[in-house]
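Trainee: Please pick one part of this model and take me through it closely. I'd like to know what it's built from and what sort of residues sit there.

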Amino acid sequence: MDSARLLCLLNEDLLIRILSFLTYDSDRKAFRLVCKAFHRVDSLHRTHLKILRPEFITTLLSKFPNIYSLDLSICPQIDDSAVSMLLPVGYDWSRRLKRLVLSRCTGLRSAGLELLVKSCPFLESIDVSYCWDFGDREAAALSICGGSLRDLKMDRCLGVTDVGLAKIAIGCQCLEILSLKWCLEITDLGIDLLSKKCTQLKHLDISYLKVTSGSLRSISSMKKLEFFAMVGCGVVDDEGLHYLGNGCPSLQALDASRCDRLSSSALAFLMKGHPSMLQIHASYSFTVFPTKVIQGLKDLKNLKTLILDGAPVSESFFKIINFSCKYLVEIGLGKCMGVTDMGIFQLVSGGVNLKVLNLTCCSYLTDNAISAITDSCRSVLSLKLECCNSLTEKSLYRLGLHCSLLEELDLTDCVGVNDTGLHYLSKCTKLVCLKLGLCTYITDKGLYYIARNCSEIQELDLYRCKGIGDDGLYALSSGCKRMQKLNLSYCSEVTDKGIEYLGHLPELYNLEMRCLWNVTGTGLTALATGCKKLAELDVKDCANIDDSGFMALAYYSRNLQQVNLSHCAISDVGLCMVMGNLTRLQDAKLVNLFNVSTNGLEVALRACCVRLKKIKVVASLRLHLTPEIVKTLRARGCRIRWD
């Protein structure tokens, strides 16, 4: 049967089912290009759209009639004027939106935000995180959403005070999810009003706020609260956890990491009051972990996640986890004193089916601990073993033999990792993320084993792996076509030839290649020509890359959003081309550009000031750049870091 007749047998229901199995953008793109019928199915069933340039919004939304989620976070020119130009034309599409992502849209102000919100009357979710200039006026604009809004994320909206929060609490009383992380001007007064008005809240994050235990007293009255995060709330003390222990009857998850004034006994009181807890995060909060607290874990029969990074633990702790927490899926013991081979054996030997383990800097662990994990937890998905220096290739043999489902493995600074170990590890064919930074005994041969068998890898860290050269990168470019994120910083054997091989990785969007002195403009040109999706690039200290490479970057890498050019040999002309041509560039590090004059830097900044959101330059330029350009950048919402 020829292909045309075969395609006729695929009705819309079958095509939809096929489409549901395609998780990668490249695969969905290939699906759309098969024929008009495939393209039509994809168009009708797409619900989310991430826009790169605002002028394409109305055209794209007319092609995808069922879009209800719109992401403008990487769109560099969203401001009040852009909103006013778009909405009169696209009013129909705005009425069907339910989710809107405006994260890092620092050019948007209250007038544009109000117009946008009024034109989208059915919004249920809004993300304005990292809009650091947002204040009470913008919060008032968001409150217009009224009863339809269920999810609001305002992380690092540094200008929002209790007044703005009050506007939201009164206007959006049906909120179920609210994140106020790093909103430093919000106090106990605002949290108190929030707890009285937004009684439907299920998820609340007040991390790094300067609130006291009085806020937790107010929060304890929230009957439906299920998840509560208070990371870095350094003023909250034991009294606050006592309030939570006596209140919040629906509480299932707590993150009290980095809260210096909390004692472990207060955590024990909380656990006693909430025996149905599913998640506890308490990293770097406790210097002691007494028996009373450990005994409290016995009551948490349904606990699934326990993160205690930085806390001292004992053998009795592991015994209780083994005996009581049979449903535990994730445990974090990074930098915990007292983690030994015997403790790990006791943890995993009782039928606990752990899938995620963080054992970072547990330096007393040996191959015996990994053997215990591989024997008992064969469904493990993520294992972090950074700085576990006593591990050898035997551990990797056990992982390759028994843990075929492993997706994430961190072996950073594990000196026992070598090429033989990578050969064993290559049997973990489902690996998606592998970190091998500072593993000085691996070479191109070991990388060849990984590239040959682990074709699903998307993230690979080879930081300071000085045995890696061009041959290893050739193997990667041939076998790991789904590679998205790669760190080659200080891999001094890599030359232009190796970087040219990377140009054959079509999905690569994040590349760190600091201090590669054997790479010139030729290598960067090949990279820019081949990697069209490249969005983040770090070439700091690549002193031998000249303007020819940067010109190619300016011409071909139109998707670039973040770039680090510090200590590079780029000239005035090259910098102006990069900053002017890369229309999606939002974050640039430009420290110690010894071939760039002050005037050349200012011209380059003028060429891109309408879209820059963050820039880093040497501190001495504060006195030499004109006040006009500094004022213009800040007015557009750009944060300037003087290094």
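**The largest pocket**

Mentor: Let's start with the walls: α3 (25-32), α4 (36-45), β1 (48-50) and α5 (57-63) each put at least two residues into the lining of the largest pocket. (Helices, H or I of at least four residues, and strands, E of at least two, are DSSP runs numbered from the N terminus.) Keep in mind that this is a predicted model, where local features need pLDDT of at least 70, side-chain atom pairs count only at 80 or more, and lining totals use all residues. Numbering runs from 1 along each chain as its sequence is written, and side-chain values use heavy atoms, with hydrogens and water left out.

Among the wall elements, α3 gives the largest share of the lining, five residues. The space inside comes to about 1,900 Å³, counted as what probe spheres set on the grid points fill, with points joined across faces, edges and corners. On that 1 Å grid over the protein atoms alone, a pocket is an open set of points for a 1.4 Å probe, with protein on both sides within 12 Å along at least five of seven lines; lining residues have an atom within 4 Å of a point.

Want to look at the middle? Of the 44 lining residues, Asp25, Lys50, Leu52, Ile74 and Lys533 are closest to the centre. By class, the lining holds 19 charged, 14 nonpolar and 11 polar residues.

As for annotation, an unreviewed UniProt entry marks residues 11-48 as "domain: COI1 F-box". That span is 71% helix and 3% strand, and its end C-alpha atoms are 24 Å apart.

Note on methods. UniProt positions are given in the numbering used here, feature names are shortened, and annotations may be inferred rather than shown by experiment. Ala, Val, Leu, Ile, Met, Phe, Trp, Tyr, Cys and Pro count as nonpolar, Asp, Glu, Lys and Arg as charged, and the others, Gly among them, as polar.
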